[in-house]
Amino acid sequence: MKLFQSHPLWLHIPAVVVLAILAGMLIDAGPLPAYGPVHFGVDGRPDGYGSPAGSFALVIGLSIGFIILSIWMDESWARQEREKRFNYFTLLDEVIVSVMAGISVHHLALLQQSDPVFRLPATEILAFTVPAVGAGILLEKVRPFAPSEAALVTEDTSALRRELDRRLKSGATVSYTDIQNPLYMNLIAFGVPAVLLTFAVLTASSQPVWSVVLNVVLGLLLASFYGGIRTTVTRELITVRIGTPGFRVLRLAPSDIVEAGLRPFLPLAEFGGYGIRRNRRMSGYFLKGGVGVEILTRQGRRHLIGSDRPERLAEAVRAVAGLAAIP
Amino acid sequence: MLIAIDERDPRPLYQQIVAQVKEQVQRGELRAGDELPPVRELASSLGINLHTVRSAYLRLRDQGVIDLRLGRRARIARRQQATVTPSEADRTLGAQVRELVADAFLLGLSTDDLHALLDLHAVRKDTLSARQNRNPEDKS
């Protein structure tokens, strides 16, 4: 499988240009002081000192990270696209990199002053953001488009349905489990907490207690998502759980289900991303893919459950809900 | 993964789980790398003791059907290419086959009936290959 199928990398040129300009300005500024203000309080006065070079390196590192994130999101969007739609997410890197560049330029100017006071650098931010976002919108408009070929049903589930019907009829206890646990979820559940917890430990002596506690709590919360989303279908209950502790995020009685079937969907365009989502029509529970199982309840609520093998999950839900097999 | 517990089945509960996982691997419904549900959740959904599910998972691990490591999710193991000699096969499966033959005899089945029964439940390798060819994204 090609790494980039439908999404041209030149969409990210504006963000890269902004980053290059910032790097050029930092080089042009000459040697930075070894020690200077790196953090400012609400009143604009410095409340943290350290290496400004480290501070700018962090900005450049974060900018590169956001450009990579934007590449991944744009590629995900392009792979799901069945008709051309404006992808607002493509502006993510332009906006964030430009804002950070504007703030960095202001920070650079403050290093020259004997009594620095930080103010919101609106002019600097706009000077970067307006052209970058403008170019981003233009490139998004002219980018090529290739409709994705999403096949709705790819797997024969008649054997599963026969087995389910036989087991349910015989009075056996039945449990069908569907697991969505993509690699990126494990990286988030391990990588981000590792960074947060390391940061909390290293800065424990210089940061306020609430900041350290916040990092630790956030790190543990993210780590608890290890394990992805699991949907369990039994005769009495359909449950969707997330993470290792198995937080229950959805609970449905099969008797409340009036319809369940396959539904193609666009995670980014319809729900704004992956995870536990909600839009005007329904709630969604998915970590990858573009075909899920849509369930309609007697109360008129709609739920969309993602799955790596949605045909099988749909058949299991229909079997326990007493609905006919998918034709 | 579909697991059903039948109280009328004379086999112990853990053995029912072991058999169903192996059958789903044989039919190609569970593929190498597929995750199994956590012990606690499967036990809860089936209304059985979690030690029963743990015993089943340990048995499956011992038989090389699943990978089960501390701190990691249980996954279907990559299947080894068959390099078992007839004598090794007899050592591994001989006892079960002998019991099966004896059971068939006690039920009044002839050898031909037993062969027909084996053919009915066997999934031939070419069927499995065809199924995997239909699923090019198959991880195995």
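# Strands, helices and chain contacts

Student: What do β10(A) and β11(A) form, and which residue in the turn has a positive phi?

Tutor: In this predicted model, β10(A) and β11(A) form a hairpin with 4 residues between them. The turn residue in question is G300(A), whose phi is positive at about 85 degrees.

Student: How do you know that β10(A) and β11(A) are paired?

Tutor: Pairing requires at least two bridges between the strands. Strand β10 (residues 291-297) of chain A is joined to β11(A) by 5 bridges, and the requirement is therefore met. The two strands run antiparallel, and E294(A) stands opposite L304(A) in β11(A).

Student: What joins β9(A) to β11(A), and in which direction do these strands run, parallel or antiparallel?

Tutor: Strand β9 (residues 283-286) of chain A shares 3 bridges with β11(A), and the two run parallel. With at least two bridges required, this link is therefore a pairing as well. The bridge partner of S283(A) is H303(A) in β11(A).

Student: What makes β11(A) a mostly covered strand?

Tutor: A residue is called buried if 20 or more other C-beta atoms lie within 10 Å of its own. In strand β11 (residues 302-306) of chain A, 4 of the 5 residues are buried. The strand is therefore described as mostly covered.

Student: Why is β2(A) said to lie largely in the open?

Tutor: The number of buried residues among the 5 of strand β2 (residues 46-50) of chain A is 0, so the strand lies largely in the open. Its antiparallel partner is strand β1 (residues 36-40) of chain A, to which 4 bridges join it. One of the pairs is P37(A) with Y49(A) of β2(A). The hairpin of β1(A) and β2(A) has 5 residues between the strands, and G44(A) takes a positive phi near 90 degrees there.

Student: What makes β7(A) and β8(A) edge strands?

Tutor: The open sheet has 5 strands in the order β7-β10-β11-β9-β8 of chain A, with mixed pairing. Each of β7 (257-264) and β8 (275-278) of chain A pairs on one side only, and these are the edge strands. Ignoring direction, neighbouring strands of the sheet are turned by 20 degrees against each other on average.

Student: How do you know that β7(A) pairs with β10(A), and what packs on the sheet?

Tutor: There are 7 bridges between β7(A) and β10(A), which run antiparallel. The threshold is at least two bridges, and the strands therefore pair. L262(A) has V293(A) as its bridge partner in β10(A). Helix α9 (residues 310-320) of chain A packs on the sheet, where it touches β7, β10 and β11 of chain A, and its direction makes about 175 degrees with that of β7(A). An angle over 145 degrees counts as roughly antiparallel, and α9(A) and β7(A) are therefore roughly antiparallel in direction.

Student: Why are α1(A) and α2(A) called roughly antiparallel?

Tutor: The axes of helix α1 (residues 13-28) and helix α2 (residues 52-80) of chain A come within 11 Å and cross at roughly 170 degrees. Angles over 145 degrees count as roughly antiparallel, and α1(A) and α2(A) are therefore given that description. The contact involves A15(A), V16(A), L19(A), A23(A) and L26(A) of α1(A), together with F56(A), I60(A), S63(A), I67(A) and S70(A) of α2(A). These residues comprise 8 nonpolar, 2 polar and no charged.

Student: How is chain A divided, and how many residues make the contact between its domains?

Tutor: Chain A is divided into domain 1 (9-142) and domain 2 (158-181 + 227-320). Their centres, taken over C-alpha atoms, are separated by 41 Å. The contact takes 6 residues from domain 1 and 5 residues from domain 2 of chain A.

Student: Which element of chain A gives the largest share of the side that touches chain B?

Tutor: That element is β3(A), with 6 residues. Overall, 19 residues of chain A are in contact with 14 residues of chain B. On the chain A side, the residues divide into 6 nonpolar, 9 polar and 4 charged.

Student: How do you know that β3(A) pairs with a strand of chain B?

Tutor: β3(A) is joined by 4 bridges to strand β1 (residues 2-5) of chain B. At least two are needed, and the two strands therefore pair across the chains. They run antiparallel, and Y176(A) has L2(B) as its bridge partner.

Key
Residues numbered from 1 in each chain as written. Chains lettered and ligands numbered in written order. Predicted model: local features only at pLDDT ≥ 70, side-chain atom pairs only at ≥ 80, totals over all residues. Axes fitted to C-alpha atoms, helices over the stretch in contact; angles between N-to-C directions. Parallel < 35°, antiparallel > 145°, perpendicular 65-115°, else oblique. Contact = placed C-beta atoms within 7 Å. Nonpolar A, V, L, I, M, F, W, Y, C, P; charged D, E, K, R; others polar. Domains from an automatic or database assignment. Buried ≥ 20, exposed ≤ 12 C-beta atoms within 10 Å, placed from the backbone.
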